[in-house]
Amino acid sequence: MKTARTKTDLQNILNAAREDGKTVALVPTMGALHDGHLSLVKLAKAHADIVAVSIFVNPTQFAPHEDFNQYPRTPEDDTAKLARAGADIVFLPGEEDIYPDGKDSKIKAGAAAHANLEDRFRPTHFDGVVNVVSRLFDIAKPDAAVFGEKDFQQLCVIREMTETLDLPIRIIGAPIIRDAHGLALSSRNAYLSAEQLEIARTLNKTLLALVTDINSGAEQETAIARAEQTLRNTGFDKIDYIALWNDRILAAAWLGKTRLIDNMAL
Ligand code: AMP
């Protein structure tokens, strides 16, 4: 596996691969990699000859009060995991590579970013995501890019951006990878205490019960209110939302200072 530390490094490696007729898939991440990320690498390998994984904790998608400084940064571990997973290139850019002319963006997130879900609680988040992803796409010019359904609204926002900008990039969605208890893997799970982890592991079960309820004809609002009550009873400190959108149940809830998200198809 090759390591690219600058935009020029990455472009040199990718241009050489393209001259050999190879296709490229990009997997954008913020690092602290787990099996969810590695599943994206595997899926990317099935869709392209060369897989490049970027690791960049993107400041523009964090609000000032959020966990940008505290976000786990483990580049050495990540690099070893990516090599084992069969990635071809790890791209570890600095801010000067991604935001050479400042962090302002001409490109804003579209309608999918105005769904009264994540956007309601993180109003600047998707503009930051679109800002960084459009810049990564511009640098790497991949044939395909893989994003997890874990961040389902984000996946929709990126599909919309790619269509709106008419980019020749295939956006591939990857299923959510969960632990043995059904908890969706997340870099932020590392913030949880042992007690909070136990509670976190009930979120998927509550959502599954809600999916079953709705599929068997329960009234949506009542079923959602019941699921919210279950989360409160189980020990969640705050529920940002449980909602139905694009044939999915999506949820965000807090355990102490940690915000968890999850979603499931109906
Ligand atoms: P992040 O590093 O959190 O920005 O995530 C990078 C990519 O990995 C995003 O496309 C996420 O949706 C995806 N991802 C994160 N966790 C999971 C998971 N448990 N299963 C599948 N994909 C995931």
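**Exercise 1.** Which residue in β5 does Ala25 stand opposite?

*Solution.* This is a predicted model, in which local features need pLDDT of at least 70, side-chain atom pairs count only at pLDDT 80 or more, and totals for chains, interfaces and linings use all residues. Residues are numbered from 1 along each chain as its sequence is written, and side-chain values use heavy atoms, without hydrogens and water.
- Find the strands: strands (E, at least two residues) and helices (H or I, at least four) are DSSP runs numbered from the N terminus.
- Check the pairing: two bridges join β2 to β5 (residues 144–148), and the two run parallel. Strands pair if DSSP finds at least two bridges between them.
- Read off the partner: Ala25 stands opposite Ala144.

**Exercise 2.** Are the faces of β2 buried or exposed?

*Solution.*
- Recall the rule: in a regular strand the side chains alternate between the two faces of the sheet.
- Fix the cut-offs: buried means under 20% relative accessible area, exposed over 50%, partly exposed in between (1.4 Å probe, protein chains only).
- Take one side: Val24, Leu26 and Pro28 are buried.
- Take the other: Ala25, Val27 and Thr29 are buried too.

**Exercise 3.** What is the bridge partner of Val27 in β3?

*Solution.*
- Six bridges join β2 to β3 (residues 50–55), running parallel.
- Val27 has Val53 as its partner.

**Exercise 4.** Where is Asp166, and is Asp166 buried or exposed?

*Solution.*
- Asp166 sits in the loop between α7 (152–164) and β6 (170–174).
- Its phi is near 55°, a positive value in a residue other than glycine.
- Asp166 counts as exposed because its relative accessibility is 66%.
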